[in-house]
Amino acid sequence: MTFTLIIRLLHTMTSSLVPLNVRGMKVLDRSKFLRNIKVPVLKVSEQTLAKITPLCKSYFLKLERFKPVQSSKLDGEESKKNIYLNPDTINSWTDIEENVRKDMSVFEVNESNFNTQEIQLTYDNWSFDIIFNAVLPENEEKLSSFSHIGHIIHLNLRDHLLDYRFLIGEVLLDKIRSCRTVVNKSNTINNTYRNFSMELLAGDEDYIVTVKENRCNFEFDFSKVYWNPRLCKEHERILSYLKQGDVLFDIFCGVGPFSIPAAKRKTIVYANDLNPESYKWLNHNAEKNKINNQYFKSYNLDGKEFILTVLKDYLLDLCNEKRKLDDSSRIHITMNLPALAVEFLKYFKGLVRSENVNNLKNEIIVYVYCFAATKEIAKEMVCENIAIDISKNIIEVFDVRNVSPKKEMMRVTIKLTNDILCINSDDHSEPPLKKLCVESK
């Protein structure tokens with residue numbers, strides 16, 4: 001399963017339901033989480049239990065590995081059941097809503113059935129968010145989110161939490177059943193292939209994962225390629241724009257979250273990625289998902305080379321009627337490399353200077369991703385990088401997701417028209433070298 005877990009920290013928890021004296025712990029000591037607490041209990045007969053349980057279910061004491069309904073352990077009460085209630089909600093019989101008390105009285109359950117009992121809670125009873133709230137620095141931002149990719153939990157810890165990283169890793173490994181490996185992203189993505197260095201915090205050093213998205217199974221080495229589960233909905237949105245018989249050029253395709261499902265739906269796909277590992281897993285996933293080669297071709301090229309060869313040759317073949325494509329079919333171009341993709345837009349300008357360009361009847365739609373603070377800035381980035389005002393060609397600027405307080409991942413959707421493709425331009429030089437800071441693919 002691939003998804004992102006958002007931790008809802010319980011800032012308003014009272015002291016009755018938190019571990020004590022563990023603030024600042026950096027080396028996990030599970031024995032320190034023992035705590036005795038007094039909790040309210042309703043003692044009812046086994047015959048009455050089925051009638052009473054639905055009435056007071058909202059008051060149950062809910063903890064990990066703790067059953068709120070248990071058999072009484074007192075001598076002579078083998079047929080009695082204890083219903084444990086939340087002490088943060090219920091301190092006395094009258095804390096139970098009046099209408100609930102009236103309903104219970106019909107079954108002869110009243111204040112005489114109400115009592116308190118001391119129970120011992122251990123490390124096993126506390127959820128990871130309660131543990132983090134009790135251990136991590138009190139006046140600092142806690143762990144807010146993490147990604148779950150196959151059996152791997154992937155963290156991006158802030159500096160003030162780094163001293164606690166191994167404790168955090170062990171707790172997550174303990175508490176999340178499907179987790180076998182916990183890693184922390186140790187630096188920004190600053191290499192050609194857009195994967196990042198990771199530090200193993202807990203569990204197995206096993207980075208080969210299998211995830212499912214858009215009815216396809218993806219397998220890859222998470223330490224060598226990029227995968228972001230937060231983009232699942234965006235992948236789904238783009239796929240909804242494609243139909244059978246359309247063509248997709250996926251310039252920075254990674255392991256295929258756009259390409260593989262599209263080809264499976266019989267869109268004709270030309271998928272490219274510069275990273276040899278991404279290319280390897282892309283083809284592995286095509287085979288794994290039984291993609292028909294009639295709909296799928298893969299390339300291991302730089303984005304510029306892919307545009308100036310594969311895409312250009314395809315469009316020229318359409319212009320010169322060497323290739324047939326139904327006039328109603330659309331050509332889609334995805335450019336999901338947010339830190340640099342806009343710099344490749346200039347290669348579309350003058351791409352097919354052909355006297356037969358009017359034979360190109362198919363609508364061409366480009367989806368280019370970028371990082372920008374506002375939609376207006378995203379539009380400016382597109383126009384500046386293609387070096388002509390194509391604002392009239394911009395169909396949509398969509399805010400995909402928040403990356404940081406002043407940084408959004410945007411998708412700019414552009415209609416690539418024949419006049420752009422035929423502009424007299426020889427500016428096909430390399431994009432300026434920049435430090436890659438790709439936060440999401």
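Let's start at Gly 303, which lies in helix H8. A caution before going on: this is a predicted model. Is Gly 303 buried or exposed? Its relative accessibility is 4%, and the cut-off for buried is under 20%, so Gly 303 counts as buried. Which residues does Gly 303 touch, once those up to four places away in sequence are set aside? They are Ile 251, Phe 252, Asn 272 and Phe 344.

Now step back to Asp 302. This residue sits in the loop between strand E14, residues 296-299, and helix H8, residues 303-319. Asp 302 has 25% relative accessibility, so it counts as partly exposed. Its contacts, again without residues up to four places away in sequence, are Asn 272, Leu 274 and Phe 344. Asn 272 is on the contact list of Asp 302, and Asn 272 is also on that of Gly 303. The same goes for Phe 344, touched by Asp 302 and by Gly 303.

Why pick these two? They come up in the UniProt record. That unreviewed entry places the feature "binding site" at His 235, Asp 273, Leu 274, Asp 302, Gly 303 and Asn 336. Leu 274 is on that list, and Leu 274 is touched by Asp 302 in the model.

His 235 takes us to helix H5, residues 232-241. Which residues of H5 are buried? Glu 234, His 235, Ile 238 and Leu 239. Look down the axis of H5: these buried residues fall within an arc of 140°, so they line one face of the helix. Turn to the face pointing away from the buried side, and you find Lys 233 and Ser 240, both exposed. What covers the buried residues of H5? The cover includes strand E10 and helix H6, residues 259-264. It also includes four further strands: E15 (331-335), E16 (364-372), E17 (394-404) and E18 (407-415).

Next, the sheet in the N-terminal part of the numbering. Four strands form an open sheet, in the order E3-E4-E2-E5, with antiparallel pairing. Which strands stand at the edges? E3, residues 69-71, and E5, residues 114-121. Each has a single partner strand, so one side of each is left without a neighbour in the sheet. On average, neighbouring strands here are turned by 40° against each other, direction ignored.

Look at the E3 edge. E3 and strand E4, residues 80-84, run antiparallel and are joined by three bridges. Within that pair, Gln 70 stands opposite Asn 82 in E4.

Helix H1, residues 46-56, packs on this sheet. H1 touches E2 (35-45), E3 and E4, and its direction makes about 120° with that of E2. Which residues of H1 are buried? Thr 48, Leu 49, Ile 52 and Cys 56. They cover an arc of only 115° around the axis, which puts them on the same side of H1. On the other side, Gln 47, Ala 50 and Pro 54 are exposed. The buried residues of H1 pack against E2, E3 and E4, and also against helix H2, residues 98-105.

Now for His 160. Where is His 160 found? In the loop between strand E7, residues 152-155, and helix H4, residues 165-175. His 160 has a relative accessible area of 26%, so it is partly exposed. Leaving aside neighbours within four places in sequence, His 160 is in contact with Glu 140 and Glu 141. The side chain of His 160 reaches the backbone oxygen of Glu 141 at 2.6 Å. One more distance: His 160 and Pro 137 are 23 residues apart in sequence, and 8.4 Å apart in space, C-alpha to C-alpha.

Last, two arginines with a backbone feature. Arg 65 has phi near 50°, a positive value in a residue other than glycine. Arg 65 is placed in the loop between H1 and E3. With 68% relative accessibility, Arg 65 counts as exposed.

Arg 215 also has a positive phi, near 65°, again in a residue other than glycine. Its loop runs between strand E10, residues 208-213, and strand E11, residues 216-221. At 74% relative accessibility, Arg 215 counts as exposed. E10 should sound familiar. It is among the elements that cover the buried residues of H5.

Technical notes:
Residues are numbered from 1 along each chain as its sequence is written. This is a predicted model: local features need pLDDT of at least 70, side-chain atom pairs count only at pLDDT 80 or more; totals for chains, interfaces and linings use all residues. Side-chain values use heavy atoms; hydrogens and water are left out. Two strands pair if DSSP finds at least two bridges between them. Axes are lines fitted to C-alpha atoms, for helices over the stretch in contact, and angles run from 0 to 180 degrees between N-to-C directions. Contact means heavy atoms within 4.5 Å. UniProt positions are given in the numbering used here, feature names are shortened, and annotations may be inferred rather than shown by experiment. Buried means under 20% relative accessible area, exposed over 50%, partly exposed in between (1.4 Å probe, protein chains only). The arc is that of the directions from the helix axis to the C-beta atoms. A polar contact is a pair of N or O atoms within 3.5 Å; within protein, one must be able to donate a hydrogen and the other to accept it, and residues adjacent in sequence count only if both atoms are side-chain atoms.
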